[in-house]
Amino acid sequence: MDSGVSVVWRPADFKGSGGATIRVCVDGSCQERASGDPSDPIGMASVRLPQDIGGKKLPVELTVTPVKGSGVVTDTKQAQLTEKRPNGPNCELVAWVARFRADPVKGLVSAEGFSLQGDQP
C-alpha cells in the first residue's frame, strides 16, 4: 500500500455529459483519467505521496471537464491524511491516505458510504 490521496467515482454518473476527464492534484503532483465506460463499476485516480509523509493536511484540487458542454467543475478540499497499516497493527509498513469521491455536480465529496450500486449515494 502506498501513501497517497485517491478519488473514486461511478463512470455512470458522467454518462449524461458523454464522459469526462477527471484531474486530481495534491501537493504539486497530478493524475488525470477519463471517467470510463458507464458500464464499469468504478473509476479512480490516485496521487502518490512520499511514504513517510505523516498525518498532514494537504489541499486536493479536482477538475472535471465534460466531453460535451462547458460545465467544467472545479473544487478544492483539505485532505487529512490518516495512518493505515495494511499488514497489521504491529507491522512496520505504514501508509498515509485520504479518499474522496468525484461528483459531476458537487466536485469533491466524502467517499464514506461510497457504493458501486447506481442508486446509492
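Among contacts in the chain between residues at least 6 apart in sequence, what percentage join residues at least 24 apart? In this predicted model, the share is 59%, and the views below begin with the whole chain before turning to its sheet and its salt bridges.

**View 1. The whole chain, built from 9 strands and 0 helices.** Read from the N terminus on, the elements follow one another as β-β-β-β-β-β-β-β-β. The radius of gyration is 15 Å, close to the 14 Å that the globule rule gives for 121 residues, so the chain is as compact as a globular protein of that length. Taken along the principal axes, the box filled by the C-alpha atoms is roughly 50 × 30 × 20 Å. Of the 121 residues, 40% count as buried, while the chain as a whole exposes about 6,900 Å², of which carbon and sulfur atoms supply 48%.

**View 2. The open sheet of 4 strands, in the order E3-E2-E5-E6.** The pairing within this sheet is antiparallel. Strand E3 (29-34) and strand E6 (73-80) stand at the edges, where each has a single partner strand, so one side of each is left without a neighbour in the sheet. From one strand to the next, the twist averages 20°.

**View 3. The pairing of strand E5 with strand E6.** Strand E5, which covers residues 57-66, runs antiparallel to E6 and is joined to it by 8 bridges. One position to follow in this view is Leu62, whose bridge partner in E6 is Asp75.

**View 4. The salt bridge between Arg48 and Asp2, one of the 6 salt bridges found in a search of the whole structure.** The side chains of Arg48 and Asp2 meet with an N to O distance of 3.4 Å. Because Arg48 lies in strand E4 (residues 43-48) and Asp2 in the segment before strand E1 (4-9), the pair ties together parts that are 46 residues apart in sequence. Arg48 counts as exposed, with a relative accessibility of 57%, whereas Asp2, at 40%, counts as partly exposed.

**View 5. The salt bridge between Asp13 and Arg101, and the network to which both residues belong.** In this pair, the side chains of Asp13 and Arg101 meet at 2.9 Å, N to O. Asp13 is placed in the loop between E1 and strand E2 (20-26), and Arg101 in strand E8 (residues 95-103), so that the contact ties together parts that are 88 residues apart in sequence. Arg101 counts as buried, because its relative accessibility is 9% and the cut-off for buried is under 20%, whereas Asp13, at 25%, counts as partly exposed. Together with Arg10, the residues Asp13 and Arg101 are linked in a network of salt bridges.

**View 6. The salt bridge between Arg85 and Glu83.** Here the side chains of Arg85 and Glu83 meet at an N to O distance of 2.9 Å. Arg85 is partly exposed, with a relative accessible area of 32%, and Glu83 is likewise partly exposed, with a relative accessible area of 41%.

Conventions: Residues numbered from 1 in each chain as written. Predicted model: local features only at pLDDT ≥ 70, side-chain atom pairs only at ≥ 80, totals over all residues. Heavy atoms only, no water. Pairing = 2+ DSSP bridges. Helix = DSSP H or I, 4+ residues; strand = E, 2+ residues; numbered from the N terminus. Axes fitted to C-alpha atoms, helices over the stretch in contact; angles between N-to-C directions. Salt bridge = Lys/Arg side-chain N within 4 Å of Asp/Glu carboxyl O. Buried < 20%, exposed > 50% of the residue type's maximum accessible area, 1.4 Å probe, protein only. Rg over C-alpha atoms; globule rule 2.2 N^0.38 Å. Contact = heavy atoms within 4.5 Å. Areas by Shrake-Rupley, 256 points an atom, 1.4 Å probe, with all protein chains shown as cover.
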